[in-house]
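Work through these exercises with the sequence and the model open side by side. Each task is followed by its solution in steps.

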Amino acid sequence: AVKTAGKGTYRYFEPALYQRRLAKLRREAELRHAIGHEQLVLHYQPRVNAATGEMTSMEALVRWLHPVHGLLSPGEFIPLAEENGSIVALGGQVIEMACARLALWKKQGLAVVPVSVNVSACQICTGDVSRLLAAALQRHGLDAGLIEVEITESATMGEGSTALAALADIQALGIDLYVDDFGTGYSCLAELKRLRMDGLKIDRAFTSRLLNGPDDRALFTAIVSIARTFGMRIVAEGVETAEQLQALQHYACDEVQGYYISRPLPAEQAGALLGRKSLFVEHA
Ligand code: C2E
Ligand code: MG
Ligand code: MG
Ligand code: MG
C-alpha cells in the first residue's frame, strides 16, 4: 500500500508531457515486440459485386491482440508504426499472414478470392514491397492475381519517381493496385491517370452522403465517370444500409464493401463465406 501511495505521489509531480512520452515509448516497445510475437491478427472483410453480391475479394485488416488491452484496431497503432518506421516490419508480416491464409484456404479446397492488403506510403518508399510480395507469393505457391494492394491517395500524391517505380514494380508482378479512401485527401483526378491504378475505392464519407441531395450525387457521378474513363474498377466503401446499396447499384459502382454486407471477420468465419453464391441473400 505504501509503495502504491508513493508511486501515485511521484506521478502527481510528473509533467504531463513526460508521462505521455513515457506511455508512447512503452507502446512503441510493445508494438515492436508484438510484430515478432504473433500478436498481430488479420480480419477479413468481403468485397462483393454490386449487382450480384458475389464475393470478389476480401480486405485484410490488421488488429493487435494486446496482452493487456485486448483487441486493438489499426487506428490505435498504425499511426505510431508509421511514425517510428515499424510499419515496414508490420506490413511485411501482414503480407506474409495474408498469403499464408490464402494457402491454407486453398489447401482446404475452398474457392478463394483475392485478398487485398493495405500498404502505407513508408512501405512503398522503401522500394522493396514488390520483392516482398513476390517472395511471399512464391513461398506459398500463390498466383499474383490472388493479392491486391490498397494505397491511400495521400500516400501516392506528389510522390517522386521512387514511389512511382515501386508501384509499377508491383503491377508488373500481376498485382492490381487500388487507391484507398479516395476523396479524403487532396483529390486530384489528373493524378489518377498518372498513377494508372487498377481500381478506386471511394471513401465511405461519399457513400454516406450519396443520399443527401443532388450536389453529393453529382460529385459521386463525376468521380465514377472519370474513373470509368481511365478504365478503373469502382468500389464503394462503408455501405451500411439497403438504401445506400440501392443507390450505388443505380450509380453503376462495380463493387461494394461495408457493414451492410459484412463486418470484417476473423479468418475462420471469413473462410466460411468462400464459395457462397451471393452475400446479399441474407438480407433478401
Ligand atoms: P481502410 O483500408 O479504408 O479500411 C476500411 C475501414 O473501414 C476498416 O476499419 C473497416 O472495418 C471499416 N469499415 C468497413 N465497412 C464499414 C462500414 O460500413 N461503416 C464504417 N463506419 N466502417 C466500415 P479498420 O479495420 O479499423 O481499419 C482502419 C484503417 O487502418 C484502414 O482503413 C487502413 O487504412 C488501416 N489499416 C488496416 N489494416 C492495415 C494494414 O495491414 N496496414 C496498413 N498500413 N494499414 C492498415
Ligand atoms: Mg483499405
Ligand atoms: Mg479501404
Ligand atoms: Mg478506405
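**Exercise 1. Two magnesium ions**

Task: in this predicted model, find how far apart the magnesium ion (ligand 4) and the magnesium ion (ligand 2) are, and which residue coordinates both.

Solution.
- Step 1. The magnesium ion (ligand 4) and the magnesium ion (ligand 2) are separated by 4.3 Å.
- Step 2. Asp180 coordinates both ions.
- Step 3. List the protein donors of ligand 4: Asp180 (OD), Asp181 (OD), Glu237 (OE) and Glu237 (OE). They lie 1.8 to 2.4 Å from the ion. The donor cut-off is 2.8 Å.
- Step 4. Read the donors along the chain. Their spacing is D-D-x55-E.
- Step 5. Check the cover on the aspartates. Asp180 has 5% relative accessibility, so Asp180 counts as buried. Asp181 has a relative accessible area of 25% and is partly exposed.
- Step 6. Look at the backbone of Asp181. This residue lies in strand S6. Its phi is positive, about 55°, although Asp181 is not a glycine.

**Exercise 2. The magnesium ion (ligand 3)**

Task: name the protein donors of the magnesium ion (ligand 3), then say which parts of the chain the pair ties together.

Solution.
- Step 1. The protein donors are Asp180 (OD) and Glu237 (OE), at 2.0 to 2.4 Å from the ion.
- Step 2. Place them. Asp180 sits in strand S6 (residues 176–182). Glu237 sits in the loop between strand S8 (233–236) and helix H12 (242–250). The pair therefore ties together parts that are 57 residues apart in sequence.
- Step 3. Asp180 and Glu237 are both buried.
- Step 4. Turn to the magnesium ion (ligand 2). It is 2.6 Å from the magnesium ion (ligand 3), and Asp180 coordinates both.

**Exercise 3. Cysteines**

Task: how many disulfides does a search of the whole structure find? Test Cys122 and Cys125.

Solution.
- Step 1. The search finds zero disulfides.
- Step 2. For Cys122, the nearest cysteine sulfur is that of Cys125, 7.5 Å away. A disulfide needs the sulfur atoms within 2.5 Å. Cys122 is in no disulfide.
- Step 3. Run the test from the other side. For Cys125, the nearest cysteine sulfur is that of Cys122, at 7.5 Å, and Cys125 is in no disulfide.
- Step 4. Add accessibility. Cys122 is partly exposed, with a relative accessible area of 30%. Cys125 counts as partly exposed at 38%.

**Exercise 4. An aromatic pair**

Task: how many aromatic pairs does the whole structure hold, and what is the geometry of Trp64 and Phe77?

Solution.
- Step 1. The search finds three aromatic pairs.
- Step 2. Take the rings of Trp64 and Phe77. Their centres are 5.6 Å apart. Their planes meet at 85°, so the pair is edge-to-face. The threshold for that class is over 60 degrees.
- Step 3. Place the partners. Trp64 is in strand S2 (residues 55–66). Phe77 is in the loop between strand S3 (70–72) and helix H3 (78–84). They are 13 residues apart, and the pair links distant parts of the chain.
- Step 4. Both Trp64 and Phe77 are buried.

**Exercise 5. Helix H2 and the loop after it**

Task: which residues make the nonpolar surface patch of about 280 Å²? Then place Leu22, Arg26 and Glu38.

Solution.
- Step 1. Tyr18, Leu22 and Leu25 make the patch.
- Step 2. Leu22 belongs to helix H2 (residues 16–36). At 31% relative accessibility, Leu22 counts as partly exposed. Patch residues need over 30%.
- Step 3. Arg26 also lies in helix H2. At 47%, Arg26 counts as partly exposed.
- Step 4. Compare sequence and space. Arg26 and Leu65 are 39 residues apart in sequence, and their C-alpha atoms are 16 Å apart.
- Step 5. Move on to Glu38, in the loop between H2 and S1. Glu38 is exposed, with a relative accessible area of 71%. Its phi is positive, about 55°, although Glu38 is not a glycine.

**Exercise 6. A residue in strand S1**

Task: is His43 buried or exposed, and what separates its C-alpha atom from that of Arg63?

Solution.
- Step 1. His43 lies in strand S1 (residues 40–49).
- Step 2. Its relative accessible area is 13%, so His43 is buried. The cut-off is under 20%.
- Step 3. His43 and Arg63 are 20 residues apart along the chain. Their C-alpha atoms are separated by 7.2 Å.

Key:
Residues numbered from 1 in each chain as written. Chains lettered and ligands numbered in written order. Predicted model: local features only at pLDDT ≥ 70, side-chain atom pairs only at ≥ 80, totals over all residues. Heavy atoms only, no water. Patch = residues over 30% accessible without salt bridge, like charges linked within 9 Å, V, L, I, M, F, W, Y side chains within 5 Å. Areas by Shrake-Rupley, 256 points an atom, 1.4 Å probe, with all protein chains shown as cover. Salt bridge = Lys/Arg side-chain N within 4 Å of Asp/Glu carboxyl O. Helix = DSSP H or I, 4+ residues; strand = E, 2+ residues; numbered from the N terminus. Buried < 20%, exposed > 50% of the residue type's maximum accessible area, 1.4 Å probe, protein only. Donors = N, O, S within 2.8 Å, 3.2 Å for Na, K, Ca; no water. Phe/Tyr/Trp six-rings, centres within 6.5 Å; stacked < 30°, edge-to-face > 60°.
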